[in-house]
Amino acid sequence: MAMARASSGLAYPDRFYAAASYAGFDGSPTSSSKGVSSKFSNDVALLLYALYQQATVGRCTVPKPRAWSPVEQSKWTSWNGLGNMAAAEAMRLFVKILEEEDPGWYSRASDFVAEPVVDVEMNHNPKVEPVKENGNPFPETKTISPENGSMLETQDKDVVLEGLGSIAVYDQWISPPVSGQRPKPRYEHGAAVVQDKMYIFGGNHNGRYLNDLQDGSQYVLDLRSWTWSKVEVKSGTESLESPSTVPLPPCAGHSLIQWENKLLSIAGHTKDPCETIQVKAFDLQTCTWSTLKTYGKAPASRGGQSVTLVGTSLVIFGGQDAKRSLLNDLHLLDLETMTWDEIDAVGVPPSPRSDHAAAVHAERYLLIFGGGSHATCFNDLHVLDLQAMEWSRPTQQGDIPSPRAGHAGVPVGENWFIVGGGDNKSGVSGTVVLNMSTLGWSVVTTVQGRVPLASEGLSLVVGSHNGEDVLISFGGYNGRYSNEVNVLKPSHKSTLQTKIMEPVPESVSAVHNATNATRDVESEFEAGQEGKIREIVIDNVDSEPMKIKTEEISERLISTLKSEKEELESSLSKEKMQSHQLKQELAEAETRNSDLYKELQSVRGQLASEQSRCFKLEELVDVAELRQKLQTMETLQKELELLQRQKAASEQALNAKQRQSSGGMWGWLAGTPDEKADDA
């Protein structure tokens, strides 16, 4: 295979100074050489001058020139319009404009550039070669590709290299210079970032589950120095309420989530699985592992599930249980009360699966992408509205990813980055991003060959390096186990991201959007121009047309900004009107609610009165009945007394008759004279 010598490119600020020398700036703060004006058009020369001054001197603080010098006025206006632009940004824009005006400047700048050289293999595939200095690779890359038998180089990424170990390219995976003892190669592990440190726990290596605690240490990667270290771990306990010491079992397929000052390890496959999901916690202050006690009905144990932090709750979906049965159930764990709750959502849920990816958008929508069953892999996208608890399957836009399982995903703002995975045949080499607002996919970058980024079971987290968000991948399996660290710095130029216009100076459109570090600056100057601007020598040009042209550009910019301002104000006024209407409707609803409440209270009062009357009526009825019974009893008593008197009279009469009859016979027997005889 042929070898060629190719330029590796200079890092900033050396690249800027080389470009400035090539453009004709002599290094003086007041440089305005004829070489600049002879190579570029009038407007480009003005902008290059302003950017050079901003990069080398800083913000324009010199007084405005007198009116009799329109050329100096135009130069001052361009420089002053850059405002507080950072020197690094000015350097980057200077080189950007130079490369657009003169793409071959770098190859013709041999008189100004002393550059390192590396060997590059010529083949039919683009190859990324790192620049090496003192044996350490710098992450500055250049793409060398054959074209018509000659070596052509692409433009370098618009970045500023800040030193060894800094991430100097956007939207490309690089391997930072990692030091220290690396963890054992693995996949299906857990990873989480806490304060510039990435913690690794568990995983699978050669079919054996890992926990890294045999030597009493926890692996940690410092994201500032890219150094692996071990944190001494103290013995954990079975639960927070029990003091008994139980070793933490090795596991894989679990999820590692940061919550307050702890790292929570949820679910996962173990050698001796439990019946339900276990929640273990690593206290970052005391460096101890423990098993947390939960309440409610815990889900069945599983691995390969997704666990998403939404507010103060964890949402668990799917996975594969200990019997290799695929699941698509949905559970919620309240981290404040540690209580489980099974969610019964409406709509059509995703089919049973494991090794999928999940993310939450706007603290309301849970997105599920991909995953696999025993026979196939998926590339479907499902959304769960966590307020309505309803599943839906929206239409995906853009470059829809291929089916995959075992991939990893992490959200950065409204963008959801997906890396790796496989389809039972090969690993997926592309890194894709989904805008969760528009549901549009796009490809960020693609890797070549069997590399850890095209693996299953890798981890992906988002961290911060030199003040910028970076994606960090670790581990994975694609035929061999990996313990490599790869880093990608997502650019801010993605068309999928929501663009917010910020105020810009009137006379300069190069910083139309200061938050977009890679926006094309030239397009802002082409608003009133057709084709390429004719070459004009600044020193020999009529100053009046140049002044008029600059004023026209400024007027166009002002007009554009005013129209955008009017649109924003119109939108704002509409939003205010809608908000006012909603407030009115809310007030009316509250008034109606108050009236209804009053009516309800009145009805309740009437009901209470009626109930009281009913009680009184019931009491009156009872009294009347008692009185009637009493009268009846009195009548019966009188009748009884009458009968008793009649009975007594009858008995007296009967007794009298008996005495009369019995007295005559006994008297005769006793010799008692008869009454009649006595009468005689």
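Which residues form a negative surface patch in this structure? The patch is made up of E618, E619, D622 and E625, and it is described here from a predicted model rather than from an experiment. A search through the whole structure also finds 11 salt bridges, and several of these are set out below together with a polar contact that involves S459.

**The negative patch and helix α6**

- One of the four residues in the negative patch is E625, and this residue is found in helix α6, which covers residues 543–670.
- E625 has a relative accessible area of 41% and therefore counts as partly exposed, since that class lies between the limit of under 20% for buried residues and the limit of over 50% for exposed ones.
- Helix α6 also holds R613 and E610, which are three residues apart and so are separated by about one helical turn.
- The side chains of R613 and E610 meet in a salt bridge, with a distance of 3.6 Å from N to O.
- Within this pair, E610 is partly exposed, because its relative accessible area is 40%.

**Salt bridges between distant parts of the chain**

- R186 and D212 are joined by a salt bridge between their side chains, at 2.6 Å from N to O.
- This pair links distant parts of the chain, 26 residues apart, with R186 in the loop between β6 (173–174) and β7 (190–193) and D212 in the loop between β10 (208–209) and β11 (217–222).
- R186 is buried, with a relative accessible area of 0%, and D212 also counts as buried, at 9% relative accessibility.
- A salt bridge is likewise formed by D380 and R353, whose closest N and O atoms are 2.8 Å apart.
- Because D380 lies in strand β25 (residues 377–385) while R353 lies in the loop between β22 (339–342) and β23 (357–361), this pair ties together parts that are 27 residues apart in sequence.
- Where are D380 and R353 placed, buried or exposed? Both D380 and R353 are buried.

**A polar contact at strand β32**

- S459 has its place in strand β32, which spans residues 459–465, and its relative accessible area of 7% means that S459 is buried.
- The side chain of S459 makes a polar contact with the side chain of H189, at a distance of 2.9 Å.

Key: Residues are numbered from 1 along each chain as its sequence is written. This is a predicted model: local features need pLDDT of at least 70, side-chain atom pairs count only at pLDDT 80 or more; totals for chains, interfaces and linings use all residues. Side-chain values use heavy atoms; hydrogens and water are left out. Patches are made of residues with over 30% relative accessible area and no salt bridge: like charges are joined within 9 Å, nonpolar side chains (Val, Leu, Ile, Met, Phe, Trp, Tyr) within 5 Å. Accessible areas come from the Shrake-Rupley method with a 1.4 Å probe; for residues, only the protein chains shown count as cover. Lys and Arg count as positive and Asp and Glu as negative; His and the chain ends are not counted. The place of a charge is taken as NZ of Lys, CZ of Arg, CG of Asp or CD of Glu. Helices (H or I, at least four residues) and strands (E, at least two) are DSSP runs, numbered from the N terminus. Buried means under 20% relative accessible area, exposed over 50%, partly exposed in between (1.4 Å probe, protein chains only). A polar contact is a pair of N or O atoms within 3.5 Å; within protein, one must be able to donate a hydrogen and the other to accept it, and residues adjacent in sequence count only if both atoms are side-chain atoms.
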